[in-house]
Amino acid sequence: MKRSLLTFSILISCISFSAQTIAGAAIVEPLFTKSAKISDHYIVDAYIETYKGRQFQEIDDVDATELRLDVVFPILTNSQLRLSVPFSTDGDGVRIDNGDKTNINGNNGTLNFVSLAYEYQFMHKADDNMDVMAYANVGTRVANLETSHGDNMNHQGRNIKAGFKLNTEISSSLLFLTDMGYQYYWVSDDLNPSGGGDKFGNVVASFAVIKHDQSLKPAVELTYRGDFGNYNNLAISPELIYSFENVDLKLALPIGITSDADDYGVTVGLTFR
């Protein structure tokens, strides 16, 4: 974990050094619900996500920290690419088959794989300040998550996700955002949080309201992952975003609402835009 955090710190330092070259109009986003507005410049997001009590196919009550970097590349007037690179997971949990504790670590995410998304904004209504975007991405695992009991979690992994995003102003100072998508894992290994097979799909949705007219921006997000059946992970996340120049520092405290959700967590984000 110390090595992962050191690597993360070096990456952040390099990004900070180059941040002066990243310029353009401000798009301030919450941590989990991304804007439907296309950026006209590069955006770099760095995340540290810590959670307690997450469940997977063969390991339950997982307490872990995951690190991830996202980069947005504008390519056309109404299009952009989003590269997401989870590069560290470190934690522990309880084996479902026998109740023994086990450690989990590796250079990959759990449900998040390295992925590339194409995002296309097909609607902008200036009168209502409304933006709507469609997107699709494909992901693959690039490294195993090793366990102390010898059965690695990510021997294999492929997924695809598609959906749409919308944001609109509900007042002069409040912005509403939503992201509605479906993610399907046609190849996975020991990840399915519902406890079923290695092929599974989840609705992945989030809703956010952010007060965006000041440097310290309060926000609240509601997130859902599940199948409206055996697995329903619903959480609420109060959040604060502090913006200065072209940098946003974000802090969220996710709290599980349903029994399938994490007990609680802390997510910290740093955005250069």
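Okay, one bit of vocabulary before we start: when I say strand, I mean a DSSP run of E, at least two residues long, and the strands are numbered from the N terminus. Keep in mind that what we're looking at is a predicted model.

Let's begin on the outside. There's a nonpolar surface patch of about 730 Å². Which strand gives the most to that patch? That's β12, with three residues. β12 covers 232-244, and along with β13 (247-252) and β15 (264-272) it belongs to a trio that each supply at least two residues. If you want to click through the patch, pick out Leu216, Leu240, Tyr242, Phe244, Leu249, Leu251, Leu253, Val266 and Val268. Take the last name there, valine 268, which sits in strand β15. Valine 268 has 31% relative accessibility, so we call it partly exposed.

Now let's go inside. The largest nonpolar core has 13 residues. The ones with the most contacts inside that core are Phe56, Val62, Ile104, Leu111, Met153 and Leu191. Strand β2, residues 59-76, gives the most to this core, with three residues. And there's a second, separate core of seven residues, including Val28, Leu177, Ala208 and Ile241.

Back to leucine 111 for a second. What does leucine 111 touch, leaving aside its neighbours within four places in sequence? The list is Phe56, Asn159, Tyr185, Leu191, Pro193, Phe200 and Arg225.

Two of those names, Tyr185 and Phe200, bring me to the rings. How many aromatic pairs does a search of the whole structure find? Five. In one of them, tyrosine 185 and phenylalanine 200 have ring centres 4.5 Å apart and planes at 10 degrees, so the pair counts as stacked. This pair links distant parts of the chain, with the two positions 15 residues apart: tyrosine 185 is in strand β9 (174-187) and phenylalanine 200 is in strand β10 (200-211). Tyrosine 185 is buried, at 0% relative accessibility, and phenylalanine 200 is buried too, at 6%. Ring pairs also bring in Phe113, giving a cluster of Phe113, Tyr185 and Phe200.

Another stacked pair is tyrosine 224 with phenylalanine 228, at 5.0 Å centre to centre and 15 degrees between the planes. Here the partners part ways: tyrosine 224 counts as buried at 13% relative accessibility, whereas phenylalanine 228 counts as exposed at 62%.

On to a couple of backbone oddities. Aspartate 61 has a phi near 50 degrees, a positive value in a residue other than glycine. That residue is in strand β2, which you'll remember from the largest core. Is aspartate 61 buried, exposed or partly exposed? Partly exposed, with a relative accessible area of 43%.

Aspartate 190 also has a positive phi, about 65 degrees, although it's not a glycine. Aspartate 190 sits in the loop between β9 and β10. With a relative accessible area of 7%, aspartate 190 is buried, since the cut-off for buried is under 20%.

Last stop, serine 115. You'll find serine 115 in strand β5, residues 114-125. Serine 115 counts as buried, at 13% relative accessibility. Which residues does serine 115 touch, not counting those up to four places away in sequence? Arg82, Leu83 and Ser84, plus Asn137, Val138 and Gly139.

That's my tour, thanks.

How values were computed:
Residues are numbered from 1 along each chain as its sequence is written. This is a predicted model: local features need pLDDT of at least 70, side-chain atom pairs count only at pLDDT 80 or more; totals for chains, interfaces and linings use all residues. Side-chain values use heavy atoms; hydrogens and water are left out. Helices (H or I, at least four residues) and strands (E, at least two) are DSSP runs, numbered from the N terminus. Buried means under 20% relative accessible area, exposed over 50%, partly exposed in between (1.4 Å probe, protein chains only). Contact means heavy atoms within 4.5 Å. A nonpolar core is a set of buried Ala, Val, Leu, Ile, Met, Phe, Trp, Tyr and Cys residues joined through side-chain atoms within 4.5 Å. Patches are made of residues with over 30% relative accessible area and no salt bridge: like charges are joined within 9 Å, nonpolar side chains (Val, Leu, Ile, Met, Phe, Trp, Tyr) within 5 Å. Accessible areas come from the Shrake-Rupley method with a 1.4 Å probe; for residues, only the protein chains shown count as cover. A salt bridge is a side-chain nitrogen of Lys or Arg within 4 Å of a carboxyl oxygen of Asp or Glu. Rings of Phe, Tyr and Trp (its six-membered ring) pair if their centres lie within 6.5 Å; planes under 30 degrees apart count as stacked, over 60 as edge-to-face and the rest as tilted.
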